[in-house]
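Student: I have a protein model open and would like to learn how to read it. Where do we begin?

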Amino acid sequence: MNKPVKIGILGGMGPMATSFLFDRVVRHTRAERDQDHVDLVIVNRATMPDRTQAIRNGQSKPIVEQAVADCRAMEGMGVEYIAIPCNTSHYFFDEIQQQVGAELIHMVRETVRFAMKDCPGLKKLGIMATDGTIMADVYGKECRALGIEPVYPSDERQKDVMHLIYEEVKKGERGEEDRFYRVVSELTAKGCERIALACTELSYFRQYYTLPSYVIDSTDVLVRCIIEKAGKTYME
C-alpha cells in the first residue's frame with residue numbers, strides 16, 4: 001500500500017477563501033469513504049500582513065518570514081506539497097520556495113497553463129486581481145513566458161475589482177453582479193478569449209452566480225492540482 005501524500009495549505013489570506021478551498025477539495029475528490037480523501041494540514045494564518053500593502057511599501061520581510069516558518073512547521077508534519085490560496089502572495093513565491101524543502105504549488109503558473117489548455121491558441125488572457133497582483137505583474141510574467149498577452153482592467157474598472165474584493169466579499173457579502181460584469185465586458189471588448197479570476201475572493205463570489213465558460217477560476221485550478229498531487233482523482 002502506497003503511503004498517502006500529505007498536502008499543506010498556507011491559508012488565512014483570507015480565511016473565507018481558505019475555507020472555500022478546503023470545501024472544494026473535499027467535494028471534488030473521488031471518494032467512497034473517509035480514507036479516500038486527501039490528507040491535509042491547514043494553517044489559517046489570518047494575521048498575515050496585507051499582501052497588496054506589502055508590495056506597495058516594499059515591506060515583504062514579515063510575510064516571507066512568517067510564510068517560511070509556517071511551511072517548515074507543516075514540513076515537520078510530513079507535508080510534501082504546499083498550496084497557497086492567495087494569488088497576490090505569489091509575488092513572494094520564489095523567496096519562500098528557496099527556504100522551504102516541500103514543493104510549493106504555483107497557483108498562478110498553473111492557472112495560465114490551464115487557460116492555454118482550455119483555449120488552444122490563446123492570445124489574450126484577462127486578469128481580474130488585486131492592485132498588488134497587477135502592480136507586481138505576477139500574472140503578466142507567467143503569461144508572457146508562454147507567449148500570451150496579459151490584459152488588465154482600466155483604472156476605473158480596477159476600482160470595481162478592488163471594491164468587490166475588499167468591500168464586499170472580504171466583508172462576508174456575495175458581491176455585486178453588475179459590478180463584476182462591468183469588468184468582464186471591458187476585458188472581452190479588448191479581445192480576451194479567457195478571463196482569469198486571479199483572486200481567491202473572486203472565486204468565492206463565483207459560487208453564487210453562473211459565470212460564462214470563458215471565465216477561469218484560479219481556485220478551481222488549485223483544487224485540481226492539490227487532488228492530483230495527492231494521487232487522487234479529480235471529480236467534476
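Tutor: We begin with a rule for sheets. Two strands count as paired if DSSP finds at least two bridges between them. Keep in mind that this model is predicted.

Student: In which order do the strands of the open sheet that includes strand 1 stand?

Tutor: Strands pair through backbone hydrogen bonds, either parallel or antiparallel. Here four strands form an open sheet in the order 2-1-3-4, with parallel pairing. Strand 2 (39-44) and strand 4 (103-105) are the edge strands, each pairing on one side only. From one strand to the next, the twist averages 25 degrees.

Student: How many bridges join strand 1 to strand 3?

Tutor: Three bridges link strand 1 (residues 6-11) with strand 3 (residues 81-83), in the parallel sense. Look at I7: its bridge partner in strand 3 is Y81.

Student: Which strands of this sheet does helix 1 touch?

Tutor: Helix 1 packs on the sheet and touches strand 1 and strand 2. The direction of helix 1 makes about 175 degrees with that of strand 2. Helix 11 packs on the sheet as well, touching strand 1, strand 2, strand 3 and strand 4. The angle between the directions of helix 11 and strand 4 is about 145 degrees.

Student: Let me zoom in on helix 1. Is T18 buried or exposed?

Tutor: The cut-off for buried is under 20% relative accessible area. T18 has 3%, so T18 is buried. This residue sits in helix 1 (residues 15-28). Setting aside neighbours within four places in sequence, the contacts of T18 include I9, G11, I42 and P85.

Student: Now helix 11. How many of its residues are buried?

Tutor: First, the general idea: an α-helix has 3.6 residues a turn, so residues three or four places apart point the same way. Helix 11 is mostly covered, with nine of its twelve residues buried. Among them are S218, L222, C225 and I226. Helix 11 (residues 218-229) reaches 16 Å from first C-alpha to last, close to the 16 Å expected.

Student: What do we find at the two ends of helix 11?

Tutor: At the start, a side-chain oxygen of D217 comes to within 3.0 Å of the backbone nitrogen of T219. After the helix comes G231, with a positive phi near 80 degrees.

Student: There is another sheet to read. Why is one side of strand 6 and of strand 8 left without a neighbour?

Tutor: This open sheet has four strands in the order 6-5-7-8, and the pairing is parallel. Strand 6 (149-151) and strand 8 (215-217) stand at the edges with a single partner strand each, so one side of each has no neighbour in the sheet. Neighbouring strands here are turned by 30 degrees against each other on average, direction ignored.

Student: What about strand 5?

Tutor: Four bridges join strand 5 (residues 124-128) to strand 7 (residues 194-197). L125 has R194 as its bridge partner in strand 7. On strand 6, K124 is partnered by E149. Four of the five residues of strand 5 are buried.

Student: Last topic: cores. Which residues touch the most other members of the largest nonpolar core?

Tutor: In soluble globular proteins, nonpolar side chains tend to be buried together. The largest nonpolar core here has 58 residues, and L10, I82, I96, L125 and I226 touch the most other members. Apart from it lies another core, of 21 residues, including V151, I165, L197 and Y209.

Methods
Residues are numbered from 1 along each chain as its sequence is written. This is a predicted model: local features need pLDDT of at least 70, side-chain atom pairs count only at pLDDT 80 or more; totals for chains, interfaces and linings use all residues. Side-chain values use heavy atoms; hydrogens and water are left out. Axes are lines fitted to C-alpha atoms, for helices over the stretch in contact, and angles run from 0 to 180 degrees between N-to-C directions. Buried means under 20% relative accessible area, exposed over 50%, partly exposed in between (1.4 Å probe, protein chains only). The expected span of a helix is 1.5 Å times one less than its number of residues. A polar contact is a pair of N or O atoms within 3.5 Å; within protein, one must be able to donate a hydrogen and the other to accept it, and residues adjacent in sequence count only if both atoms are side-chain atoms. Contact means heavy atoms within 4.5 Å. A nonpolar core is a set of buried Ala, Val, Leu, Ile, Met, Phe, Trp, Tyr and Cys residues joined through side-chain atoms within 4.5 Å.
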